[in-house]
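Q: Could you walk me through one spot in this model? I'd like a close look rather than a grand tour.

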Amino acid sequence: MSTPPQGQNPFAQGQQPQGQAPYPPQGGYPQQPGQPGFPPQGTAPYAPIPPQRSRKLSFKAIRIILVIAVALGFGAYKFISGQDDADTAKVGDCMHRGSANDTNPDLEVVKCSDTKAQYVVLAKISGKFGQTEAETKCTAAAKDFQYSYTQSGDGSDFLLCLKDYKK
């Protein structure tokens, strides 16, 4: 067995045997301009496109949205529940006391046909009054009053003169 000459591999593909004409080149089609991965001929290559940023909401954004929603919900609740408060009472309205606390009785307007009706409004007087002044004003406005209720703050200072509602 003979040894192949140094630097040549007779079994390697693409090498041509000595003394023979070269084979024509093999391989597919020439590269077409505009195909993916290759810039069109005659122009500079494009810069790589940065990856799209995810559009997911961050924890901070969700927390802010949640705080705003809770605040709006609380404001709507206070507005709706405040529609039956003492500041909307008129003479002849019936009232219900929602709390046993004398400094904040939580009076609310109810229908006189409601079983919760406890008091009837005899007079409503605008202004800010102390306890003795309120008694004097109610005596002058409604002789048979039994209770006085003053409210001040929130731009609505007034006095209600009340008596027990008899069903």
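What follows zooms in on Asp 93 and its surroundings.

A: Sure, but a heads-up: this is a predicted model, where local features need pLDDT of at least 70 and side-chain atom pairs count only at pLDDT 80 or more, while totals for chains, interfaces and linings use all residues. Numbering runs from 1 along each chain as its sequence is written, and side-chain values use heavy atoms, with hydrogens and water left out.

Asp 93 sits in the loop between α1 (59–81) and β1 (94–97); helices (H or I, at least four residues) and strands (E, at least two) are DSSP runs, numbered from the N terminus. The protein has two helices and five strands, and they come in the order α-β-β-β-α-β-β.

Now the odd bit: Asp 93 is buried but has no salt bridge. Buried means under 20% relative accessible area, with a 1.4 Å probe and protein chains only, and a salt bridge needs a side-chain nitrogen of Lys or Arg within 4 Å of a carboxyl oxygen of Asp or Glu. The nearest side chain of opposite charge, Lys 90, is 4.1 Å away; here Lys and Arg count as positive, Asp and Glu as negative, and His and the chain ends are not counted. Lys 90 still gets involved through its backbone: its nitrogen there is 2.8 Å from the side chain of Asp 93.

As for company from further along the chain, skipping residues up to four places away in sequence, Asp 93 touches Thr 88, Val 109, Cys 112, Tyr 119, Val 120 and Val 121, a contact being heavy atoms within 4.5 Å. For context, 17% of the 167 residues in the protein are buried, and Asp 93 is one of the buried ones.

Definitions and conventions
Buried means under 20% relative accessible area, exposed over 50%, partly exposed in between (1.4 Å probe, protein chains only). A polar contact is a pair of N or O atoms within 3.5 Å; within protein, one must be able to donate a hydrogen and the other to accept it, and residues adjacent in sequence count only if both atoms are side-chain atoms.
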